Amino acid sequence: FAGAIAGLIQSRVLRRYLRGSRWWIIVSSAGWASSALGLALFSPLGERVYPVFAILIAPAAAGVMLGGVTGAWLVRAPLRQPPLTPPAAPRSDLSA
């Protein structure tokens, strides 16, 4: 649920730069889900082996999984064409 909310907010910014930015909501949700999976997989292992593992490595693994899912989509996302240069604003000559 948090991934969908974060994805919705972030997609509002990404729509200026990417086509199909609404997909970001789904991608963000999948990234957060994989992050939760990473925590679920690595935390119990760390508690049995070495507690610092659960404190340091499990969140890092979760972040890598989140970054991997969202980063993979961003690399392949179609970019919007840059806008044309806006016309120059009229200059007011105040030196007269």
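**Close-up views of a three-helix chain**

**View 1. L18 and its partner across the sequence, P78****.** L18 is found in the loop between helix 1 and helix 2, in a model that is predicted throughout. With a relative accessible area of 5%, L18 is buried, because the limit for that class is under 20%. The view also takes in P78, which stands 60 residues away from L18 along the chain, while the C-alpha atoms of the two residues are separated by 5.8 Å.

**View 2. The chain as a whole, for orientation.** The secondary structure comes to three helices and zero strands, and from the N terminus on the elements follow the order α-α-α. The chain has 96 residues, and 24% of them count as buried. A reader who is new to the structure may wish to keep this order in mind when turning to the separate helices and loops below.

**View 3. Helix 1 and its buried residues****.** Helix 1 covers residues 2–14, which makes 13 residues, and from its first C-alpha to its last it reaches 18 Å, close to the 18 Å expected at 1.5 Å a residue. Within this helix, the residues G3, A6, G7, S11 and L14 are buried.

**View 4. A nonpolar surface patch that includes L8****.** The residues F1, I5, L8 and I9 together make a nonpolar surface patch of about 480 Å². Of these residues, L8 is singled out here, and L8 lies in helix 1. L8 has a relative accessibility of 48% and therefore counts as partly exposed, since exposed residues have over 50% and buried ones under 20%.

**View 5. A positive surface patch built from arginines****.** R12, R15, R16, R19, R22 and R80 form a positive patch on the surface. One of them, R15, is found in the loop between helix 1 and helix 2, the latter spanning 23–49. The relative accessible area of R15 is 42%, so that this residue is classed as partly exposed.

**View 6. A62 in helix 3, shown together with F42****.** A62 is found in helix 3, which is made of residues 51–76. A62 has a relative accessible area of 3% and is therefore buried. F42 is drawn in the same frame: A62 and F42 are 20 residues apart along the chain, and their C-alpha atoms are separated by 8.6 Å.

How values were computed: Residues numbered from 1 in each chain as written. Predicted model: local features only at pLDDT ≥ 70, side-chain atom pairs only at ≥ 80, totals over all residues. Heavy atoms only, no water. Helix = DSSP H or I, 4+ residues; strand = E, 2+ residues; numbered from the N terminus. Expected span 1.5 Å × (residues − 1). Buried < 20%, exposed > 50% of the residue type's maximum accessible area, 1.4 Å probe, protein only. Patch = residues over 30% accessible without salt bridge, like charges linked within 9 Å, V, L, I, M, F, W, Y side chains within 5 Å. Areas by Shrake-Rupley, 256 points an atom, 1.4 Å probe, with all protein chains shown as cover. Salt bridge = Lys/Arg side-chain N within 4 Å of Asp/Glu carboxyl O. Lys, Arg positive; Asp, Glu negative; His and termini not counted. Charge placed at Lys NZ, Arg CZ, Asp CG, Glu CD.
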